[in-house]
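User: Could you walk me through the labels used for this protein and what stands behind them?

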Amino acid sequence: MNALIDHVQIIKEKGKPAFAVIPYLDFVKIKRQIEKPAEKTLIPHEVVKMNMIDGMSMVKAWRTYLKMTQAELALKAGITQAALSQIEKADSKPHKATLERIAAAMKLTVAHFS
């Protein structure tokens, strides 16, 4: 059986399972597992607004939010500033490898640009 649910106490109500009681430390472990994926892809409201309302690409919205210049981001990502400028156009579809480099330079994941 799963180690996180080995010590579950089932409480019945009218003969049917109604509640599951688990040790607190198991609850904390489960909570971390549930929250961890979400933490990696949370997108601040400001970034969403810049993308959806102001029409910025996600790359530009994140760069703006993180207060980075194009030159700074391009240097960290190992691309030219001109290439970054093209990628930041709202209709641009950069190569996955390039997007991964940009994400890493911003300490994000590619999922943050979706």
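Analyst: Happy to; salt bridges come first, then a surface patch. This is a predicted model, where local features need pLDDT of at least 70, side-chain atom pairs count only at pLDDT 80 or more, and totals for chains, interfaces and linings use all residues. Residues are numbered from 1 along each chain as its sequence is written, and side-chain values use heavy atoms, with hydrogens and water left out.

User: Why is the contact of D54 with K49 called a salt bridge?

Analyst: The term asks for a side-chain nitrogen of Lys or Arg within 4 Å of a carboxyl oxygen of Asp or Glu. The closest N and O atoms of D54 and K49 are 3.3 Å apart, so the pair qualifies. The structure holds 3 salt bridges, including R63 with E88 at 2.4 Å and E100 with K96 at 3.9 Å.

User: What makes K96 exposed and E100 partly exposed?

Analyst: Buried means under 20% relative accessible area, exposed over 50%, and partly exposed in between (1.4 Å probe, protein chains only). K96 has 61%, so K96 counts as exposed; E100 has 38%, so E100 is partly exposed. By contrast, R63 and E88 are both buried.

User: How do you know that V21 can belong to a nonpolar patch?

Analyst: Patches take residues with over 30% relative accessible area and no salt bridge, joining like charges within 9 Å and nonpolar side chains (Val, Leu, Ile, Met, Phe, Trp, Tyr) within 5 Å. V21 has 36%, so V21 passes the accessibility cut-off. I11, F19 and V21 form the patch.

Note on methods
Accessible areas come from the Shrake-Rupley method with a 1.4 Å probe; for residues, only the protein chains shown count as cover.
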